[in-house]
Every structure is written in C-alpha cells, then in structure tokens.
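Welcome! Here is a short briefing to help you find your way around a new structure. Take a look at it first, and then read on.

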Amino acid sequence: MTSGASEQPGNPILRVLAATKYYMVGGNRMYAVDDVSFDVRPSEILGLVGESGSGKTTLSRIVARLIDQDDGRVIFDGADITGMSGAKFGTSPKRRLLQMVFQDPLASLNPRFRAFDAIANPVQRLGTPEERRDVRDLVIEAASHAGLPERLLHSYPHQLSGGQRARVDIARAIVLKPKLVLLDEPTSALDASLQAHVIQTILRLRSELGVAFIFVSHDLNLVRLISDRLLVMHRGKVVEQGQAQEVFENPSADYTRQLISAIPVLGRRRVAGKPTA
C-alpha cells in the first residue's frame, strides 16, 4: 500500500459528475458507464478497478476526451471540458496537463519514431516556443524520470523490450509535466518483475513531480500496492469507492468482496480481504 497521499489537500484536479455513456443495441440502451461521479486530488493515485467489460476503460477515455459521454460533466483543472470533442481538446491549453498511457506500448508508439521523437512529439505539438527550443533537454529529463537510459533514446520501438517501451510511453506522458496521467492497464503485457519496476516509477513520479494518476487495472494486487483510493466498477456502475486500505480490509459491496476473494494467495484463499487456510 502506498502512503503519504491518502488525504490530499486542495481542490480536486478532476471532477467527474454523473458521467453516462450508452450504446443502442437492438433498440435498447446498453450502458457502458452509468451515472458515475468521482474526483481526483493533486498528487493522488486513484485505482479504477473492475473486470473486463465493467466500464473502467470507457470511463478513462471519457475523461481523456477520446470519446464523448451522453450525459454528465467533466471538470479538469477548474475548467468544464464536457463539451470538448477530442479534436477541440487536442488544441486546448488544458490538453498538455492531462496525458494518457495506453495498455500496449508497442501499438501506441509510432514504429517510424525513435524513442527520442516519440517523447518529443507532445513538446512539438503542445509546447511553448521556449519548450520547443529546449526539447532535447526536456526529453532527456523525462526519460531520466521514467528510468529510461539516454543511450536508448535513438532506438525504434521494435528494438526495445516491453519494459523499455513502457518507459518511453511514460516519459512521453510526463514530458510536459502534466497534472494528471491516466494509466490504462499499463502493466498488463509485462511480467511480474517489470510490473514492479513500472509501479516504482509511478510512485517516484508522484513524489518527484507531484503528478496525480488514475490507475486502471483488473489486477487488485497491483492496485493495492499503488493506490490511495479505489473506485470499483461493475456493469458500468460504481459499486464502491473509498480509501484503498479500508476497501480492502472492510469491503461493503458483494462484488468487491468477490474480487478480493479471488486474489491469489500462495497456498491459501481469501475471504473478504483476509487470507484463510
């Protein structure tokens, strides 16, 4: 369990109010996200958990303005960005302050871009003239924060390991020093040792840069290691939210108890949040 940010001071950096997203199937509304509200405070790590199809990825894409919600509001850094399309948000000054790391780094990185160019791309598109002039220094700094050796900056994605590509993705997300980064299953394609390195990197970035994170995952073991608060989703709805330690130790929703009970424990099984013989 992470510590030091369970009670974040200041106003929320993000507020999501009654966000709703549905699709028409056979004349009926099928809700991917159903009346979801939550906030994220500066330097906080919010774990967004649920099984595949729970709506967690759809919700994160609504926040990032990659898709539009059908109802509700999204307020980021004091500005209502609800009505902004992806194209409009892409040119907004707020865009540089909200970044996303995708599930598959190999798919999200341009195969024709070296690591340096991938990390520099947000600076070239969203940076100030001064930042564009200093792009090399910014890229090297971001790579260092993400734990990517400078010698790898001239490598193409196919020349990098999975963990190294993940670090390029993280460096690209933090190069403009955002206030919030959305992490969509960033460790799902990595083995356990690489997952641990990515988790350590995220915690260090929170400490060094004050970045807030939304960590989207189905892996409750990882979520437990990194999150200050949890948001548990099931069939598009939030069934539980609260401080991570409290949710794990005293879950109030049956669905949360089922998820926690399914966490593997060597030689044992779990009941609620506690292992049993």
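The notes below go through the pocket, the salt bridges, a surface patch and a few single residues. Please keep in mind that this is a predicted model. A good place to begin is the largest pocket, with a volume of about 310 Å³. After that come the salt bridges, which number 15.

**The largest pocket**

- In total, 17 residues line the largest pocket.
- Nearest to the centre of this pocket you will find R95, Q99, M100, F102 and R125.
- Four elements each give two or more residues to the lining: helix 2 (86–90), strand 6 (98–101), helix 4 (115–126) and helix 7 (162–174).
- Sorted by class, the lining residues are 8 nonpolar, 4 polar and 5 charged.

**Salt bridges that link distant parts of the chain**

- D34 pairs with K237 in a salt bridge, and their closest N and O atoms are 3.1 Å apart.
- This pair links distant parts of the chain, since D34 sits in strand 2 and K237 in strand 10 (residues 237–243), 203 residues apart.
- The partners have their own surroundings: D34 is buried, with a relative accessible area of 19%, while K237 is partly exposed at 41%.
- D34 counts as buried because its 19% is under the 20% cut-off.
- R229 makes a salt bridge with E44, with 2.6 Å between the closest N and O atoms.
- R229 belongs to strand 9 (residues 229–234) and E44 to the loop between strand 2 and strand 3 (45–49), so this salt bridge ties together parts that are 185 residues apart in sequence.
- Both R229 and E44 are buried.

**A salt bridge around helix 6, and a network**

- R136 and E150 form a salt bridge in which the closest N and O atoms are 3.5 Å apart.
- R136 is in helix 6 (residues 135–146) and E150 is in the loop between helix 6 and helix 7, so the pair ties together parts that are 14 residues apart in sequence.
- R136 is partly exposed, with a relative accessible area of 42%, and E150 is partly exposed at 43%.
- Elsewhere, D39, E44 and R229 are joined into one network by salt bridges that share partners.

**A nonpolar patch on the surface**

- Y23, V25 and M30 make up a nonpolar patch on the surface, and together they have about 290 Å² of accessible area.
- Within this patch, M30 is found in strand 2 (residues 28–40).
- M30 counts as partly exposed because its relative accessibility is 47%.

**Residues with a positive phi**

- As background, most residues other than glycine have a negative phi.
- R65 is not a glycine, yet it has a positive phi of about 65°.
- You can find R65 in the loop between helix 1 (56–63) and strand 4 (71–76), and it is buried, with a relative accessible area of 1%.
- D77 also has a positive phi, near 50°, and is a residue other than glycine.
- D77 is placed in the loop between strand 4 and strand 5 (79–80).

**A loop residue to locate**

- P157 lies in the loop between helix 6 and helix 7 and is buried, with a relative accessible area of 6%.
- From P157 to D77 the distance is 33 Å, C-alpha to C-alpha, and the two are 80 residues apart in sequence.

Terms used
Residues numbered from 1 in each chain as written. Predicted model: local features only at pLDDT ≥ 70, side-chain atom pairs only at ≥ 80, totals over all residues. Heavy atoms only, no water. Patch = residues over 30% accessible without salt bridge, like charges linked within 9 Å, V, L, I, M, F, W, Y side chains within 5 Å. Areas by Shrake-Rupley, 256 points an atom, 1.4 Å probe, with all protein chains shown as cover. Salt bridge = Lys/Arg side-chain N within 4 Å of Asp/Glu carboxyl O. Buried < 20%, exposed > 50% of the residue type's maximum accessible area, 1.4 Å probe, protein only. 1 Å grid on protein atoms, 1.4 Å probe; cavity = no way out; pocket = protein on both sides within 12 Å on 5 of 7 lines; lining within 4 Å. Points joined across faces, edges and corners; volume = space filled by probe spheres on them. Nonpolar A, V, L, I, M, F, W, Y, C, P; charged D, E, K, R; others polar.
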